[in-house]
Amino acid sequence: MADIQGTYDRLFLAVPNALAGMLDAGDAGGSVAVFVDGEPVVDVWGGFADADRTVPWERDTIVNVWSVTKTMTALCALLLVDRGELDPDAQVARYWPEFAAAGKDKVLVRHLLSHTAGLPDWDGTVDELYDWPAAASRLAARAPRWEPGTAAGYHSLTQGFLVGEVVRRVTGRSVGDFLAEEVTGPLGADFHMGLPAEHDHRVALTIAPTGRDEDYAASAPDNPTGAEAGNGVRVRDGNSLAWRRAQIPAASGYGNARSVAQVQSLLACGGEANGVRLLSRAGCERAWEEQFDGDDRVLGMPMRWGLGYGLFGSAFGWGGWGGSLVMIEPDSRMVVAYVTHQMREPTDDTRGLEIVTAAYEGLQGLRR
């Protein structure tokens, strides 16, 4: 069995065992954290940080978590809502006047967070993702594909710019700066959006699925040919320095399982984590207020969307391209986070579910 580093409560033995099984099955490396009541009951890692498997995965190894980044961006918006600085029922144009163009004057802030704004497509190049003003202007000029609020379609890249620009208009700060100053800084969490150069040596670059190379591009799990799902982003793009430095609030966050679980524990624990209160209980509950229940036009499968999070029974969270995932269970005050740089084909990837299932096994023992 693969060597797993870190610490865990014996009741949660199934979690490190699941990670070991994934490494034994061919994954290069990864990390898992389970927090209950805001405290880590699992904080483990293993494998290698490079494709050649010569550099061990360390405690502070970080990776691009892709769309798990969306949960961080959503949290920033929820903080502003909780403070009374942002109204989810307000028209986006109230904060971002240019956005009213092309029939978008009735789009609400909640539509941006719930993938129902009708703007799922990024029609620019990957390089244009690195130019924030240009990206925001491009989206402000677009007409929605459907009447906002009437349907959902996963806004793979665009959601981050849409919500992020609203955050910028409200606070005068980029969403990455707001996250660092208002969330990860106070919590002491090692998560970054717009990664400074001094952290480059800790990054485990993304590895394409077996048989694929760095030109492997994103697609939806149940719609692998759907161009809208990934908007043409390739593994090589995500591994570039330009991507690392940019703030792409839907997809360019860097962290490990510990930092993801630490931040999202705010929502599992009524707004307080690591002794720091950032949200009210009511502010947390907004995250899982259902905004949409039906077939997602881009993902090609049934989805329930809350304010920035996917809803799954009593839990909520989201996953990223390549396998990383965070799941929040407020009834049990538990957060499960799994991050990896080893991609698998979406139709064959059940790793996140395996980790979450293993965590629930431990939770049952803990609550007895």
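What share of the contacts in the protein chain with a separation of 6 or more comes from residues 24 or more positions apart? Let's work through this and two further exercises on this predicted model.

**Exercise 1. Find the share of contacts between residues 24 or more positions apart.**

Step 1. Take the contacts in the protein chain whose separation is 6 or more.
Step 2. Of these, 67% join residues 24 or more positions apart.

**Exercise 2. Describe the overall build of the protein chain, and decide how its compactness relates to that of a globular protein of its length.**

Step 1. Start with the elements: the protein chain holds 12 helices and 14 strands.
Step 2. The radius of gyration is 19 Å, and the globule rule gives 21 Å for 368 residues; these values are close, so the chain is as compact as a globular protein of that length.
Step 3. Add the extent: the C-alpha trace spans about 55 × 45 × 40 Å along its principal axes.
Step 4. Look at burial and surface: 59% of the 368 residues are buried. The chain exposes about 13600 Å², with 48% of it supplied by carbon and sulfur atoms.

**Exercise 3. Work out how helix 4 is oriented relative to helix 5, and which residues make the contact.**

Step 1. Locate the pair: helix 4 covers residues 132-141 and helix 5 covers residues 158-171.
Step 2. Their axes come within 10 Å and cross at roughly 105°.
Step 3. Angles of 65 to 115 degrees count as roughly perpendicular, so helix 4 is roughly perpendicular to helix 5.
Step 4. Helix 4 brings Trp132, Ala135, Ala136 and Leu139 to the contact, while helix 5 brings Thr158, Gly160, Phe161, Leu162, Gly164, Glu165 and Arg168.
Step 5. Sort the residues of this contact: six are nonpolar, three polar and two charged.

Key
Residues numbered from 1 in each chain as written. Predicted model: local features only at pLDDT ≥ 70, side-chain atom pairs only at ≥ 80, totals over all residues. Heavy atoms only, no water. Axes fitted to C-alpha atoms, helices over the stretch in contact; angles between N-to-C directions. Helix = DSSP H or I, 4+ residues; strand = E, 2+ residues; numbered from the N terminus. Parallel < 35°, antiparallel > 145°, perpendicular 65-115°, else oblique. Contact = heavy atoms within 4.5 Å. Nonpolar A, V, L, I, M, F, W, Y, C, P; charged D, E, K, R; others polar. Rg over C-alpha atoms; globule rule 2.2 N^0.38 Å. Buried < 20%, exposed > 50% of the residue type's maximum accessible area, 1.4 Å probe, protein only. Areas by Shrake-Rupley, 256 points an atom, 1.4 Å probe, with all protein chains shown as cover.
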